[in-house]
Amino acid sequence: MTAVALAAEGARVHLLCPVPSHGAPSGWEQISGFYGVSGDSEGRLRLIELPGPRLWSGSTLKPWLDIAAARYGRRNGYDFHLVRDPIALAAALQAGRRTIFDSYRYDFHSDLRFWPWRAYCYRHQKLAGFITHSEMARQSLIKAGVTPDRTLVAHNGHDPSLLEPRLSKGEARRRLGLPQDRRRDKGTDGILPLARELPEVEFMIVGHITGSGPAGRLARRVAAFRLKNVRLVERLSPASLPPYLYAADCLLVPPSTAPLQKHKRTVLPMKVFVYMGAGRPIVGPRTPDLAEVLSHGHNALLVRADDVKAAVDGLRRLLRDPALQDRLAQNALADAETHSWARRAQRIVEFLHNQL
């Protein structure tokens, strides 16, 4: 989505990916089919498929792809490599390419296990700058010794066109074959304790990948808790997701600090911006990353993190107060206008020009 938005902003972008396995659709067909995007009419966005060794059907050796992409860029003289992976960053710098590191994770900047990688990459003369998805990650960069002028906070966004046509709650539930009179909440694994305390609320967990390890653990937990009010929905493309958002009474960011503090990877989840664009009330934890875009009582209801009782009380309060639901939803929708992929691309292009 960032690549498409950058091209629409006037940048010439090559998106590098592995050649699909034999018999599979082209990379662009897979990307456009899943994300619902199309190539730009001016030819500014191209998908470059790089052949490489296969470990098993449909899989390319990823470190090899990072190295091949860096070498391809050296041959073609790109102004910048925009990368999001630590191996890709090291490979591009080793190849002598001017590189921008675009990362949402803050563990890269703080954990001791990444110190050798930081010592090589962060001091490299070809590292042109950093883009972070949150102020929280930017501050961790500064603590790691990066000067503020080399950093840009560019929050993720959403594509308003993918949320069209807008549906009323009743219409969305009719399309999905859902009862009209059941209160609904959309969330993930962390909401199971809430489901136990709120049997009158139906929780829908969208993004269930049958056969995966996390999905199997989640299904076993649902069965062990005997939760009749939890519905698991298979992973959906962005274009197929909106009816589920519109059918909900509220949208839930699991009220846990584990993704942020334990794993240090899930910082300001991308779904927050889609939630805001859907114009539905949001419930989430009071964490520093969410506080960058969500304000308690204005565009969301924020509860004490890792406190099941606080989350249950917050959900009950919201579901019993239609006026509160409407106010939070309308404010979230209005605030979403400043958090689009197009706006993110504008900020990135300006930042890149300043680094030239």
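Leu252 counts as buried, because its relative accessibility is 1%, below the 20% limit that defines burial. The model analysed here is predicted. Leu252 lies in strand S12, which spans residues 250-252. Its C-alpha atom is separated by 9.3 Å from that of Leu315. Along the chain, Leu252 and Leu315 are 63 residues apart.

Strand S12 runs parallel to S13, and two bridges join them. Within this pairing, Leu251 has Ile282 of S13 as its bridge partner. Strand S13 covers residues 282-285. Ile282 and Gly284 point one way from the strand, while Val283 and Pro285 point the other way. All four of these residues are buried. Strand S13 also pairs with S14, again in the parallel sense, over three bridges. Here Gly284 stands opposite Leu302 of S14. Ile282 and Gly284 thus share a side of S13; Ile282 is the bridge partner of Leu251, and Gly284 faces Leu302.

Strand S14 comprises residues 301-303, and the loop from S14 to helix H14 (308-319) contains Asp306. Asp306 has a positive phi, near 60°, and is a residue other than glycine. A second such case is Arg226, which is not a glycine but has a positive phi of about 55°. Arg226 is found in the loop between helix H10 (213-225) and strand S11 (230-234). At 70% relative accessibility, Arg226 counts as exposed, since the limit for that class is over 50%.

Strand S11 is joined to S10 by five bridges, and the two run parallel. Phe203 of S10 stands opposite Val230 in S11. Strand S10 spans residues 201-208 and is mostly covered. Seven of its eight residues are buried.

An open sheet is formed by four strands in the order S5-S6-S7-S8, with parallel pairing. Its edge strands are S5 (81-83) and S8 (151-153), each of which pairs on one side only. Neighbouring strands of the sheet are turned by 20° against each other on average, direction ignored. Strand S7, residues 127-132, pairs with S8 over three bridges in the parallel sense. At this pairing, Thr132 stands opposite Val153 of S8. Helix H4 (residues 86-94) lies across S5, S6 and S7. Strand S6 covers residues 99-103, and H4 runs at about 175° to this strand.

The loop between S8 and H8 holds Pro165. The peptide bond from Glu164 to Pro165 is cis, with omega near -5°. Helix H8 follows at residues 169-176, and its buried residues are Gly170, Ala172 and Arg173. Seen down the axis of H8, these residues fall within an arc of 165°, so they line one face of the helix. The face turned away from the buried side of H8 carries Arg174 and Arg175, which are exposed. Arginines therefore occur in both groups: Arg173 is buried, whereas Arg174 and Arg175 are exposed, by the cut-offs of under 20% and over 50%. Just after H8, Gly177 takes a positive phi of about 70°.

Helix H13 (residues 271-278) is mostly covered, with six of its eight residues buried. The buried residues of H13 are Val272, Phe273, Tyr275, Met276, Gly277 and Ala278. Just after H13, Gly279 takes a positive phi of about 70°.

Gly279 also belongs to the lining of the second largest pocket. This pocket has 13 lining residues. Those nearest its centre are Gly279, Arg280, Asp326, Ala329 and Gln330. The space in the pocket amounts to about 220 Å³. Helix H15, residues 322-335, gives the most to the lining, with five residues.

Terms used
Residues are numbered from 1 along each chain as its sequence is written. This is a predicted model: local features need pLDDT of at least 70, side-chain atom pairs count only at pLDDT 80 or more; totals for chains, interfaces and linings use all residues. Side-chain values use heavy atoms; hydrogens and water are left out. Two strands pair if DSSP finds at least two bridges between them. Axes are lines fitted to C-alpha atoms, for helices over the stretch in contact, and angles run from 0 to 180 degrees between N-to-C directions. Contact means heavy atoms within 4.5 Å. Buried means under 20% relative accessible area, exposed over 50%, partly exposed in between (1.4 Å probe, protein chains only). The arc is that of the directions from the helix axis to the C-beta atoms. On a 1 Å grid over the protein atoms alone, a cavity is a set of points where a 1.4 Å probe fits but cannot get out, and a pocket is an open set with protein on both sides within 12 Å along at least five of seven lines; lining residues have an atom within 4 Å of a point. Grid points are joined across faces, edges and corners, and a volume is the space filled by probe spheres set on the points.
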